Amino acid sequence: MQILAIKTPSRTAMIDITSKIQEAVSKSGVKSGICHIFVPHTTAGLTINENADPDVVDDILKEINKIVPFGDGYKHCEGNSAAHIKASMFGFSLQIIIEEAELMLGRWQGIYFCEFDGPRNREIYIKVCCG
Amino acid sequence: MQILAIKTPSRTAMIDITSKIQEAVSKSGVKSGICHIFVPHTTAGLTINENADPDVVDDILKEINKIVPFGDGYKHCEGNSAAHIKASMFGFSLQIIIEEAELMLGRWQGIYFCEFDGPRNREIYIKVCCG
Amino acid sequence: MQILAIKTPSRTAMIDITSKIQEAVSKSGVKSGICHIFVPHTTAGLTINENADPDVVDDILKEINKIVPFGDGYKHCEGNSAAHIKASMFGFSLQIIIEEAELMLGRWQGIYFCEFDGPRNREIYIKVCCG
């Protein structure tokens with residue numbers, strides 16, 4: 001397992017980690033298999049989305065913050081329940097197929113770490129399996 | 001890796017791809033393992049849901065279109081931000097256990113390709129791993 | 001594949017299954033690999049979230065029940081369309097990395113079975129793969 005450390009810049013953010021995940025795949029030496037990516041946190045998640053127009057991730061964050069408001073009568077005393085909910089909606093684990101040592105992503109796809117309760121220091125776990 | 005091509009019929013749609021995924025598993029020759037399914041797009045996703053009453057998928061699409069409106073002051077100039085958001089909520093990768101060369105789905109489960117910005121020509125990546 | 005049976009207590013509930021999943025990993029004998037968890041139902045899902053303050057799961061369920069109301073003009077005659085939608089939003093499959101025979105979860109992470117249409121008798125499929 002490889003561990004990637006990242007620093008998030010703001011309360012909510014989507015950070016493109018595609019090139020770092022590809023580096024982890026290259027380092028593993030695996031030519032054909034699956035790249036497992038996992039977030040070991042409870043107020044951050046993972047997703048894939050468009051890597052061309054930065055307005056897309058802005059729209060995603062703005063809308064998800066509208067669907068799950070920061071404050072909505074939550075009981076949890078840390079005041080970050082909205083972040084826990086968003087993380088469960090986006091998910092914590094992601095799998096990408098590897099062929100010829102490359103992540104088999106679509107043309108417009110980037111892999112994003114989704115911060116919902118930052119800024120913070122975060123980790124991402126990566127395990128590359130043959131198959 | 002196998003690639004499945006599909007044509008989606010409308011702006012939003014859930015298309016049952018279970019039999020095609022089972023065909024891919026059979027073709028792979030794997031008896032015990034994991035079937036990895038991946039959507040290489042950013043405005044379409046994958047899910048599992050009921051395959052008996054077609055009203056279920058109609059209800060799912062109608063409600064998700066209400067939760068994430070087609071128009072809501074989005075910035076992205078292509079006008080399909082809602083589709084990007086829905087895709088991230090449903091997800092792009094799905095794993096199903098294989099035993100005795102069969103997908104271990106529940107009795108009422110079907111695998112669905114979720115179109116959120118159609119109609120379009122789409123692809124699905126499938127990799128079947130032993131384990 | 002191992003099968004875990006659980007009984008859910010109420011209409012919606014999040015049940016911490018972490019220790020049972022770790023037992024399945026230990027039983028498998030796998031030291032390094034991936035634990036695949038799968039829910040073979042269409043009105044229940046899987047997620048990861050905080051295992052320290054029980055207010056977090058209460059907040060998650062309360063908010064998701066607000067985002068997807070139990071009744072909202074759904075057509076499906078069984079009256080549980082909201083549960084089908086919530087299950088697709090949370091997801092049915094989850095992967096956790098294993099190292100030294102342990103689930104590589106974060107400090108505050110628990111694995112939760114999410115009941116959206118209980119109380120019911122449910123099953124969870126677990127397959128532990130080397131890698």
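**Chat on the A–C interface and helix α2(B)**

User: How many residue pairs are in polar contact across the interface of chain A and chain C?

Analyst: The rule finds 19 residue pairs in polar contact there, both residues being at pLDDT 80 or more. Keep in mind that this is a predicted model.

User: Which elements of chain A give two or more residues to the side that touches chain C?

Analyst: They are β3 (33-38), α3 (81-90), β5 (93-99) and β8 (121-130) of chain A.

User: Which one gives the largest share?

Analyst: That is α3(A), with five residues.

User: And how do the residues on that side of chain A divide?

Analyst: Into 15 nonpolar, ten polar and four charged.

User: How many residues does each chain bring to the contact, then?

Analyst: Chain A brings 29 residues and chain C brings 32. Together the two chains bury about 2500 Å². Carbon and sulfur atoms account for 58% of that area.

User: What is the count of salt bridges between chain A and chain C?

Analyst: Four. One of them pairs K127(A) with E99(C). Their closest N and O atoms are 2.7 Å apart.

User: Switching to chain B. What should helix α2 span?

Analyst: Helix α2 of chain B covers residues 54-67, which is 14 residues, so at 1.5 Å a residue the span should be 20 Å. The end C-alpha atoms are 20 Å apart, which agrees.

User: What caps the N-terminal end of α2(B)?

Analyst: D53(B) does. A side-chain oxygen of D53(B) lies 2.8 Å from the backbone nitrogen of D55(B).

User: Which residues of α2(B) are buried?

Analyst: V56(B), V57(B), D59(B), I60(B), L61(B), E63(B), I64(B), N65(B) and I67(B).

How values were computed:
Residues numbered from 1 in each chain as written. Chains lettered and ligands numbered in written order. Predicted model: local features only at pLDDT ≥ 70, side-chain atom pairs only at ≥ 80, totals over all residues. Heavy atoms only, no water. Contact = heavy atoms within 4.5 Å. Buried area = accessible area lost by both parts, 1.4 Å probe. Salt bridge = Lys/Arg side-chain N within 4 Å of Asp/Glu carboxyl O. Polar contact = N/O pair within 3.5 Å; in protein donor to acceptor, adjacent residues only side chain to side chain. Helix = DSSP H or I, 4+ residues; strand = E, 2+ residues; numbered from the N terminus. Nonpolar A, V, L, I, M, F, W, Y, C, P; charged D, E, K, R; others polar. Expected span 1.5 Å × (residues − 1). Buried < 20%, exposed > 50% of the residue type's maximum accessible area, 1.4 Å probe, protein only.
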